[in-house]
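Take a look at the structure below. Keep it in view as you read, and find each part as it is named.

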Amino acid sequence: MIEEATDIASLVKNIALDARAASLKLANVPSELKNKAILRLAELIEKEAPSLQTENEKDLEAGKAAGLTGAMLNRLELNEKRISGMIEGARQVAALPDPVGESLDTYNHPQGFTIEKVRVPIGVIGIIYESRPNVTVDCAILCLKSGNASILRGGKEAFHTNTALAKLVSKALSETGLPEKAVQLIPTTDRAAMNTLLKLNEQIQCIIPRGGEGLIRFVSENSTIPVIKHYDGICTLFVDKAADVAMAESIVVNSKTHYPSVCNAGENLLVHRDVVEFHLPQIARGLVAKGVTLKADEEAATVLENAGIDCEPASEEDWSTEYLDLIISIKVVADEEEAMAFINKYGSSHSDAIITEDAETATAFLNGVDSSTVYWNVSTRFTDGFEFGLGAEIGISTDRLHARGPMGLRELCSYKYKVVGKGQIKA
């Protein structure tokens, strides 16, 4: 066992050393060449779609045998729509402006030299993720376009799919003359590999975990490398007294049921007391028609029961639970102040929405809710790099430092100062 652990540690260390060397080369690669590699990857994914689905089927069968939940299997599946999404995401990223070298600010020093602040790649980024194999491609292309090398450590449940996708990435890099080691998948799911990865702060500049709270807490507590993270996606929708009920039903049902196993799905529903007797039954019927289980506080439960709609009692724990399933918690609130206080207490600073026709109330909500993305009359399902015009995302940060919300190309850059003069010295 000791020899095996040593071999894994050596494997990961060598991957990191190769990534660091590749990152230094990649930082100076012209945009045209990076775009060429990304577009070639899109072609390869399209061409190899049947074989990718064959590999994915192996993971799905293993997942079923291991007893993965329906929500987890849904995240794992690589169907035609998701393959098309990867292809479109790659093409969109290729079409985006290259952030590397962008001038952020210029200062002309009194002694005659110029100080310019410019965007530069972070360096080597380690991405640790679970389930969703499309993350392999999203992270690879975003890191590549922003001039960063990436080390990918996917979950064991998607090992076959991730391996197949990583091979296509390597092929695209090789065919376009870019360093193949710019994107590397750790070829083992042994936990020892992750433990080693998290300590390589001399080679790796940033770690981004994508997965459940357990994974993210483990990474945050064990990494000696800076971590950009979000623990949960506890997203809340507030139906104000000035809400259009048809719009409210549409937005709430979409937020909850469009893709319930992702982090931007609605988990809590707050309804203004002044309209709860009319609005809640209509919204609830729309949710129940989609198979959603309702958990309600005492006041909401009374309204639902009077309307002949089944529900379960909500507990204090439910307000801060990310179900990732067809379940929603419902609470009646007195006004927008109570709604904002609830979100800021129980939410996870991810995505929260207000449905209202009152601009003053909406403005107070948009300013008062401490989340990375706040919506007015829009489904929370739009918190996504692709939807925000970023091409794809490497993750959604609920941190406050460096990056917040969907992380695209600019969020994968740091900056440095270039100082140009004519022999000036400090007196």
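The text below goes through the sheets, a pair of helices, a cavity and a pocket.

This is a predicted model. Begin with the sheet of seven strands. This sheet is open, and its strands pair in parallel. Read across it and the order is β10-β9-β11-β8-β7-β12-β13. Now look at the two ends of that order. Strands β10 (312–313) and β13 (373–376) stand at the edges. Each has a single partner strand, so one side of each is left without a neighbour in the sheet.

Helices pack on this sheet too. Helix α13, residues 336–346, touches β7 (235–239), β8 (266–272), β11 and β12 (351–355). The direction of α13 makes about 140° with that of β11. Helix α14, residues 359–368, lies across β7, β12 and β13. It runs at about 170° to β13.

Zoom in on one pair of strands. Strand β9 covers residues 293–296, and strand β11 covers residues 327–333. Four bridges join them in the parallel sense. Find Thr293, and you will see Ile327 of β11 standing opposite.

Move on to another sheet. This one is open as well, with three strands in the order β1-β2-β16. Here the pairing is antiparallel. The edge strands are β1 (103–108) and β16 (413–420), and each pairs on one side only. From one strand to the next, the twist averages 25°. Strand β2, residues 114–121, pairs with β16 over eight bridges. In one of these strands sits Thr114, whose bridge partner in β16 is Val420.

Next come two helices that pack together. Helix α3 (residues 49–65) meets α7 at an angle of about 155°. Their axes are 7 Å apart. How do α3 and α7 run relative to each other, roughly parallel or roughly antiparallel? An angle over 145 degrees counts as roughly antiparallel. The two helices are therefore roughly antiparallel to each other. On the α3 side, the contact uses Leu52, Glu55, Asn56, Lys58 and Asp59. On the α7 side, it uses Phe159, His160, Thr161, Ala164, Leu165 and Leu168. By class, this contact has five nonpolar, three polar and three charged residues.

Now look for enclosed space. How many cavities of 30 Å³ or more are there? The count comes to one. The largest cavity has a volume of about 40 Å³. Its lining includes Ala37, Ile38 and Leu41. Ala140, Ile141 and Leu144 are also among the lining residues, and so are Val169, Ala172, Leu173 and Val183. Three elements give two or more residues each to this lining: α2 (31–47), α6 (134–145) and α7 (159–175). What classes of residue make up the lining of the largest cavity? Ten are nonpolar, with no polar and no charged residues.

Finish with an open space, the second largest pocket. About 270 Å³ of space lies in it. This pocket is lined by 14 residues. The closest to its centre are Ala166, Ser170, Val183, Gln184 and Leu185. Elements that give two or more residues to the lining are α1 (2–26), α7 and β5 (183–185). The largest share, five residues, comes from α7. By class, the pocket lining has eight nonpolar, three polar and three charged residues.

Helix α7 ties several of these stops together. It packs with α3, gives residues to the lining of the largest cavity, and helps line the second largest pocket.

Conventions: Residues numbered from 1 in each chain as written. Predicted model: local features only at pLDDT ≥ 70, side-chain atom pairs only at ≥ 80, totals over all residues. Heavy atoms only, no water. Pairing = 2+ DSSP bridges. Contact = heavy atoms within 4.5 Å. Axes fitted to C-alpha atoms, helices over the stretch in contact; angles between N-to-C directions. 1 Å grid on protein atoms, 1.4 Å probe; cavity = no way out; pocket = protein on both sides within 12 Å on 5 of 7 lines; lining within 4 Å. Points joined across faces, edges and corners; volume = space filled by probe spheres on them. Nonpolar A, V, L, I, M, F, W, Y, C, P; charged D, E, K, R; others polar. Parallel < 35°, antiparallel > 145°, perpendicular 65-115°, else oblique.
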